[in-house]
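Here is a short walk through a protein model, written for someone who likes to have the coordinates open alongside. Please load the structure and follow along.

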Amino acid sequence: MLLVGGGTGGHVSPLLAIAEALKEIDPEVGFLFLGGRRGKEAELVPAAGIPFHATPMPSLRDPQSRLALLRTLVGVPLAFFDALAALVRFRPDVCCTTGGVVAIPVTLAARLMRVPVYLWDGNALPGRATRLLASFSSRIGVSYEQARHALPRGRTVLAGTPIRASLLKWTRERGRETFAVPADAMLVVVSGGSQGSERVNDALWSALGRILRSSYVLHITGEKHGARAESRRGNLAAEVRDRYIVRTFLGDEMGGALAAADLAIGRAGASSIAEPLAFGVPLLVIPFGAAMEGHQEANARAVEQTGAALTMREGELDGDRFTSQVIGLLQNPGRLRRMANAARAAGRPQAAQEIARDLLSLGGCA
């Protein structure tokens, strides 16, 4: 099994979830993960026990400049031949990719070697790279019905977003014990995505004192913002300080956080939406305004239509409005209950297992 993707956790975690599901079905499946340079894959993939190789392509977007464009253009042929050499050595039966620019040369190399490609995209509005890669893919899995309109319908299926089984094993009781949250307290989980978000963090800090009066807050800050969060925590009044729980990043413990949560606040990336839905947790989503081609805005609209989420635009993100939205939800248990029911209905916790079976069939291994 060749896994291809990189950049943020949103491109890497679904592939790790699929790998986990494949191992459960067939422990003898072998893996190679091809990613790029500078992304989360170099950290997350080896930690999952999967062999990793970085191609010459950058997997995190460079600033929009002529030099960045030149680097990408030079990197594509280098990455193609690098990937081709890796594929000749590894001889995969099937390739699974989450797309992105880093996947283009690897996918071309896979098709040259007649390796079938499964492309997964978790956005309601597929980007340019996904639309290009769809031309070379044998099968395409998406998370939103809206995405099927932009992709080859005969090869595109509604698959959902893969979530690691190790996350889904957590219970509410175990999650609350792990983070020292009382059983009868309200818990809000706030995250800005795998890299963190200064805008989300600043909005929370502006509202933090008011929110902590009625609930606990588990704040996943991102590694760059952890020190500031700890400083803020130290300045809180002693009686509420323990209600503010700071983590820079969560791996499998993210399952415990969501199992324990009454409300999740975060970006509108595919996994940032799918993971709370799988636990039946209501969402307040804040789309990243600079996301390429507006895909997070489209994701936010799609999940809001299910009744499981509310949306705040980045331009509305100040302390007073943030407080009003959060406190308004926490003080309306009937609305939270309806949103939680909608989240459970929209979630697809078995997506990874279904995609794994599709991959085994596609590779002739079923």
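## The six-stranded sheet

In this predicted model, six strands form an open sheet in the order E10-E9-E8-E11-E12-E13, and their pairing is parallel. At the edges you will find strand E10 (244-247) and strand E13 (309-311), each of which pairs on one side only. On average, neighbouring strands of this sheet are turned by 15 degrees against each other, direction ignored.

One pairing to look at is that of strand E11 (residues 263-266) with E12, which runs in the parallel sense over three bridges. Within this region, Ile265 stands opposite Leu284 in E12. As background, strands of a sheet pair through backbone hydrogen bonds, either parallel or antiparallel.

## Helix H12 on the sheet

Helix H12 lies across E11 and E12, and its direction is at about 170 degrees to E12. How much of H12 is covered? Eight of its nine residues are buried, so "mostly covered" is a fair description. The buried residues of H12 are Ala270, Ser271, Ile273, Ala274, Glu275, Pro276, Leu277 and Ala278. After H12 comes Gly280, with a positive phi near 70 degrees.

## Nonpolar cores

Which residues have the most contacts inside the largest nonpolar core? They are Leu218, Ile273 and Leu283, in a core of 39 residues. Two or more residues each come from strand E8 (187-191), E9, helix H11 (253-260), helix H12 (270-278), strand E12 (283-285), helix H13 (295-305) and helix H15 (333-346). H11 gives the most to this core, with five residues. In soluble globular proteins, nonpolar side chains tend to be buried together.

Leu218 is a good residue to select in your viewer. Leaving aside residues up to four places away in sequence, Leu218 touches Phe179, Leu187, Val188, Val189, Val190, Ile245, Arg247, Leu250 and Ala257. There is also a second, separate core of 30 residues, whose members include Val188, Trp205, Phe322 and Met339. Val188 therefore appears both in that second core and among the contacts of Leu218.

## Two loop residues in contact

Ser215 sits in the loop between helix H8 (198-211) and strand E9 (216-220). Is Ser215 buried or exposed? With a relative accessibility of 2%, Ser215 counts as buried, because the cut-off for that class is under 20%. Beyond residues up to four places away in sequence, Ser215 touches Met186, Val188, Arg243 and Leu330.

Met186 is found in the loop between helix H7 (172-178) and E8. Its relative accessibility is 24%, so Met186 counts as partly exposed. Besides Ser215, the contacts of Met186 include Arg176, Ser214, Tyr216, Asp262, Leu330 and Leu336, again setting aside residues up to four places away in sequence. Leu330 thus turns up in the contact lists of Ser215 and of Met186. Met186 and Leu212 are 26 residues apart in sequence, and their C-alpha atoms are 9.7 Å apart in space.

## The seven-stranded sheet

Another open sheet has seven strands in the order E3-E2-E1-E4-E5-E6-E7, with parallel pairing. Strand E3 (52-58) and strand E7 (156-158) stand at its edges; each has a single partner strand, so one side of each is left without a neighbour in the sheet. Neighbouring strands here are turned by 25 degrees against each other on average, direction ignored.

For a closer look at this sheet, take strand E5 (residues 117-121) and strand E6 (residues 139-142), which pair in the parallel sense over four bridges. Trp120 has Gly141 in E6 as its bridge partner.

## The whole chain

Stepping back, the protein has 16 helices and 13 strands. Its radius of gyration is 20 Å, close to the 21 Å that the globule rule gives for 366 residues, so the protein is as compact as a globular protein of that length. The C-alpha trace spans about 60 × 45 × 35 Å along its principal axes.

Of the 366 residues, 57% count as buried. The protein exposes about 15,500 Å², of which carbon and sulfur atoms supply 51%. Among contacts between residues at least 6 apart in sequence, 65% join residues at least 24 apart.

How values were computed: Residues are numbered from 1 along each chain as its sequence is written. This is a predicted model: local features need pLDDT of at least 70, side-chain atom pairs count only at pLDDT 80 or more; totals for chains, interfaces and linings use all residues. Side-chain values use heavy atoms; hydrogens and water are left out. Buried means under 20% relative accessible area, exposed over 50%, partly exposed in between (1.4 Å probe, protein chains only). Contact means heavy atoms within 4.5 Å. Two strands pair if DSSP finds at least two bridges between them. Axes are lines fitted to C-alpha atoms, for helices over the stretch in contact, and angles run from 0 to 180 degrees between N-to-C directions. A nonpolar core is a set of buried Ala, Val, Leu, Ile, Met, Phe, Trp, Tyr and Cys residues joined through side-chain atoms within 4.5 Å. The radius of gyration is taken over C-alpha atoms; the globule rule is 2.2 Å times the number of residues to the power 0.38. Accessible areas come from the Shrake-Rupley method with a 1.4 Å probe; for residues, only the protein chains shown count as cover.
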